[in-house]
Amino acid sequence: RYTPLEPAASTLVQRGRDQPVFFLYLVPMTVLLVGPAEELVFRGAVQGALRRAYGPRVALVGASAVFALIHWSSYVGEGRVVTLATIFVLGGVLGYLYQRTDNLLVPAVAHGLFNAVQFLYEYAATTGLL
């Protein structure tokens, strides 16, 4: 039964539940490719351009909003708003790390590890290790 704070279902997680080894393939992919690529786009390009045009606060919020909205199609179900709010907060943390360090490697590693932990948890939960 759906509750107002229940997150939406991830299309990647749905696929992995049918073939749990898929989660294990996603771990190196997210650490080595997805985290760095998304951070290059959202923090490097979007947040950087917004910072130059409007300042650091607008850049942080704007890049976080774009980051959340771009993930809309990756989730299904009634909990999309809750999930996107969570992704917005994650984007804010990653954006803050970038603003604070002025180094894209920091949010790229944090992003990749965040996703990797989620996939390892899903693998463990799906295979009965938890």
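**Exercise 1. In which helix is the place of Thr 83, and is Thr 83 buried or exposed?**

Before we start, please note that this is a predicted model, in which local features need pLDDT of at least 70, side-chain atom pairs count only at pLDDT 80 or more, and totals for chains, interfaces and linings use all residues. Residues are numbered from 1 along each chain as its sequence is written, and side-chain values use heavy atoms, with hydrogens and water left out.

*Solution.*
- Step 1: Thr 83 sits in helix H4, which covers residues 80–101. Helices (H or I, at least four residues) and strands (E, at least two) are DSSP runs, numbered from the N terminus.
- Step 2: Thr 83 has a relative accessible area of 7%, so this residue is buried. Buried means under 20% relative accessible area, exposed over 50%, and partly exposed in between (1.4 Å probe, protein chains only).
- Step 3: Leaving aside neighbours within four places in sequence, Thr 83 is in contact with Pro 7, Ala 8 and Tyr 75. Contact means heavy atoms within 4.5 Å.

**Exercise 2. Describe the surroundings of Arg 80.**

*Solution.*
- Step 1: Arg 80 also has its place in helix H4.
- Step 2: With a relative accessible area of 21%, Arg 80 is partly exposed.
- Step 3: Not counting residues up to four places away in sequence, Arg 80 touches Ala 8, Trp 72, Ser 73 and Tyr 75.
- Step 4: For a sense of the fold, take Ser 10: 70 residues separate Ser 10 from Arg 80 in sequence, while their C-alpha atoms are 9.5 Å apart in space.

**Exercise 3. Lay out the secondary structure of the chain and judge how compact the chain is.**

*Solution.*
- Step 1: The chain holds five helices and two strands.
- Step 2: In sequence order, these elements give the pattern β-α-α-α-β-α-α.
- Step 3: The radius of gyration is 15 Å, close to the 14 Å that the globule rule gives for 130 residues, so the chain is as compact as a globular protein of that length. The radius is taken over C-alpha atoms, and the rule is 2.2 Å times the number of residues to the power 0.38.
- Step 4: Along the principal axes, the C-alpha atoms fill a box of roughly 50 × 30 × 20 Å.
- Step 5: Of the 130 residues, 32% are buried.
- Step 6: Take the contacts between residues at least 6 apart in sequence: 68% of them join residues at least 24 apart.

**Exercise 4. Which residues does UniProt list as "transmembrane region", and what does the model show for two of these spans?**

*Solution.*
- Step 1: The unreviewed UniProt entry lists residues 22–42, 54–75 and 81–98. UniProt positions follow the numbering used here, feature names are shortened, and annotations may be inferred rather than shown by experiment.
- Step 2: Residues 22–42 are 100% helix and 0% strand, with end C-alpha atoms 26 Å apart.
- Step 3: Residues 81–98 are 100% helix and 0% strand, and their end C-alpha atoms lie 25 Å apart.
- Step 4: From the unreviewed UniProt entry also comes "domain: CAAX prenyl protease 2/Lysostaphin resistance protein A-like", given for residues 22–117. Over this span the chain is 86% helix and 2% strand, with end C-alpha atoms 14 Å apart.

**Exercise 5. Compare two residues of helix H5, Ala 124 and Glu 122.**

*Solution.*
- Step 1: Helix H5 covers residues 105–127 and holds Ala 124; Glu 122 lies in H5 too.
- Step 2: Ala 124 counts as buried at 13% relative accessibility, and Glu 122 is buried with a relative accessible area of 15%.
- Step 3: Setting aside neighbours within four places in sequence, Ala 124 is in contact with Leu 129 and Leu 130.
- Step 4: Glu 122, not counting residues up to four places away in sequence, touches Val 13, Arg 17 and Phe 23.

**Exercise 6. What is the phi of Asp 102, and where is its place?**

*Solution.*
- Step 1: Asp 102 is found in the loop between H4 and H5.
- Step 2: The phi of Asp 102 is near 55°, a positive value in a residue other than glycine.
- Step 3: As background, most residues other than glycine have a negative phi.
- Step 4: At 55% relative accessibility, Asp 102 counts as exposed.
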